[in-house]
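Work through the following exercises with the structure open beside you, and try each task before you read its solution.

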Amino acid sequence: MDTCNLQKNAFPNLFGNINPELYVLSLSRFCEDLGSGMLVALVPLYISNLGASFLSGLPLVARAGLVMTVFGLFSALTQPLMGRLSDRLDRRRPFIIFGLIGYTFFSFFYSQVTSYEQLLFIRLLQGITVGATIPAVIAMVTHISTSETRGKSVGIYTTIRSVAFGLGPVVGGAIAGYWGFNAGFYFCAMLGVISLVLVTFFVKETRSAPEPVSRHKSNKKSYASVYSLAGAMLMMMVGIMMVVALIPEYEVRLEASEFSLGVAVSAYIFARLLFQVPLGSLSDRIGRKKLIVTGLFLSVPLVVGMGYIASVGQLILFRAFQGLLVAAIDTPAMALAADLSDGSSLSSRLSIITTAQAAGMALGPIFGGFLAGYVTFVTPFYACALLMLLAGFVIIKKVEEPGKVTEPVSA
């Protein structure tokens, strides 16, 4: 604590009113997120090289959707349990380290699979281990920020991670194109080792503050708001991740290369990272709810338009606009959930949001893959647009922003 204050006093222009520990935590996750982004592009394309026994009758887009779905599904199931356990133990670092060990091991093991069913099982196990880290990391970000800087802090954290995740599909597509899929999986495992070392030696533990007595009376209302935000995050992630299952179809329709598709997958992230910090700061000043609702409503026509894309250039452009709107939803929503989740149950409440994100990651690919494979290609885009519209009205009706609250508690 004293060292941190000395750092902020010595470099006021560098850190401003942001705790420098935020940058250490963000950078420690950079490598792991670079690898995770690579896997988003590598895994759906890799299944074309694998035979299948029990699931050979599924269309390629459905198999791509399913292999991405099991990761998000089991990550979503893990997060509430790990969030509650983290609150009970009042520890975060052990959960992050456990998750990184699992991520590293299973990234390497992708190179050893010989069938689609094996790949599916490895993806499931990796989802469990990664799910253990997410509530712990978000709780740490909240602990080292204040209500006045939370939007900006979340924006900085997610921007640093987004740079890595955005580069991932491009790097993964390039490595697969030049050196093969196994080289990509080895590189992901190496990145996991680097991230594990950084967390182990440079990220400090944080502690929760006791929940104020006055907060207990508003628990039901705050939980209703958190669950409404979770619904919005779910719809947002479905809209983003269903495109992943459609990559093989886009590859055929647009006659695109692995590298160009990797650029398309990354496009929304690069646009998103340009706007996360300014939109997070804006939400600190004008309120978070307005930006969330605006982002959801503007996403409706954008998602519909993605069903009629005729070139890779159009796909990249649409994904870039999607990134801007995601920044208007994701950063304020996470900051608002943290505002509503102060106290000793922080990880548990934030796990509601992160679980919704993981569920969106799980449902998005299978939602897009099965509707496109068994109905029509444009069907999932219309369905997702309708759900985003409904989520916007739910936010207007159910979510209430709290007043400014407390200072952070750190180790």
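**Exercise 1.** At roughly what angle do the axes of helix α3 (residues 21-46) and helix α8 (residues 150-179) cross?

Solution. Keep in mind from the start that this is a predicted model. Begin by following the two helices to the place where their axes come within 6 Å, and there you will find that α3 and α8 cross at roughly 35 degrees. Next consider the hand of this crossing, which is right-handed as α3 passes α8. Finally, sort the residues of the contact of α3 with α8 by class, which gives 20 nonpolar, 6 polar and 4 charged.

**Exercise 2.** Are α3 and α5 parallel or oblique to each other?

Solution. Start from the axes of α3 and α5, which come within 12 Å and cross at roughly 40 degrees. Angles under 35 degrees count as roughly parallel, and α3 and α5 are therefore oblique to each other. The crossing of α3 past α5 is left-handed. On the side of α3 the contact is made by E32, G35, S36 and L39, while α5 brings L100, Y103 and S107. By class, the residues of this contact of α3 with α5 divide into 3 nonpolar, 3 polar and 1 charged.

**Exercise 3.** Describe how helix α13 (residues 258-286) and helix α15 (residues 312-339) are placed with respect to each other.

Solution. The axes of α13 and α15 come within 6 Å, and the angle at which they cross is roughly 30 degrees. That makes α13 roughly parallel to α15, since angles under 35 degrees count as roughly parallel. As a further step, note that the crossing of α13 and α15 is right-handed. The contact of α13 with α15 holds 17 nonpolar, 7 polar and 3 charged residues.

**Exercise 4.** Which residues touch the most other members of the largest nonpolar core?

Solution. First take the chain as a whole, which has 17 helices and 0 strands, and in which buried residues make up 60% of the 411 residues. The largest nonpolar core has 112 residues, and among these L119, L229 and Y250 touch the most other members. Helix α11 (residues 219-245) gives the most to this core, with 15 residues. Now look at L229 alone: leaving aside its neighbours within four places in sequence, its contacts are I292, A333, L336, A337, L340, I353, I395 and V399. To widen the view again, consider contacts in the protein chain between residues at least 6 apart in sequence, of which 86% join residues at least 24 apart.

**Exercise 5.** Is Y223 buried, partly exposed or exposed?

Solution. Locate Y223 in helix α11, and then read its relative accessible area, which is 27%. Buried means under 20% and exposed means over 50%, so Y223 is partly exposed. When its neighbours within four places in sequence are left aside, Y223 is in contact with R349 and I352. Y223 and R349 are 126 residues apart along the chain, yet their C-alpha atoms are separated by 7.8 Å.

**Exercise 6.** Where is D90 found, and what is its phi?

Solution. Search the loop between α4 (60-89) and α5 (93-109), where D90 is found. Its phi is positive, at about 55 degrees, although D90 is not a glycine. As background for this last step, most residues other than glycine have a negative phi.

Methods. Residues are numbered from 1 along each chain as its sequence is written. This is a predicted model: local features need pLDDT of at least 70, side-chain atom pairs count only at pLDDT 80 or more; totals for chains, interfaces and linings use all residues. Side-chain values use heavy atoms; hydrogens and water are left out. Axes are lines fitted to C-alpha atoms, for helices over the stretch in contact, and angles run from 0 to 180 degrees between N-to-C directions. Helices (H or I, at least four residues) and strands (E, at least two) are DSSP runs, numbered from the N terminus. Angles under 35 degrees count as roughly parallel, over 145 as roughly antiparallel, 65 to 115 as roughly perpendicular and the rest as oblique. A crossing is left-handed if the near helix is turned anticlockwise from the far one by less than a right angle, and right-handed if clockwise. Ala, Val, Leu, Ile, Met, Phe, Trp, Tyr, Cys and Pro count as nonpolar, Asp, Glu, Lys and Arg as charged, and the others, Gly among them, as polar. A nonpolar core is a set of buried Ala, Val, Leu, Ile, Met, Phe, Trp, Tyr and Cys residues joined through side-chain atoms within 4.5 Å. Buried means under 20% relative accessible area, exposed over 50%, partly exposed in between (1.4 Å probe, protein chains only). Contact means heavy atoms within 4.5 Å.
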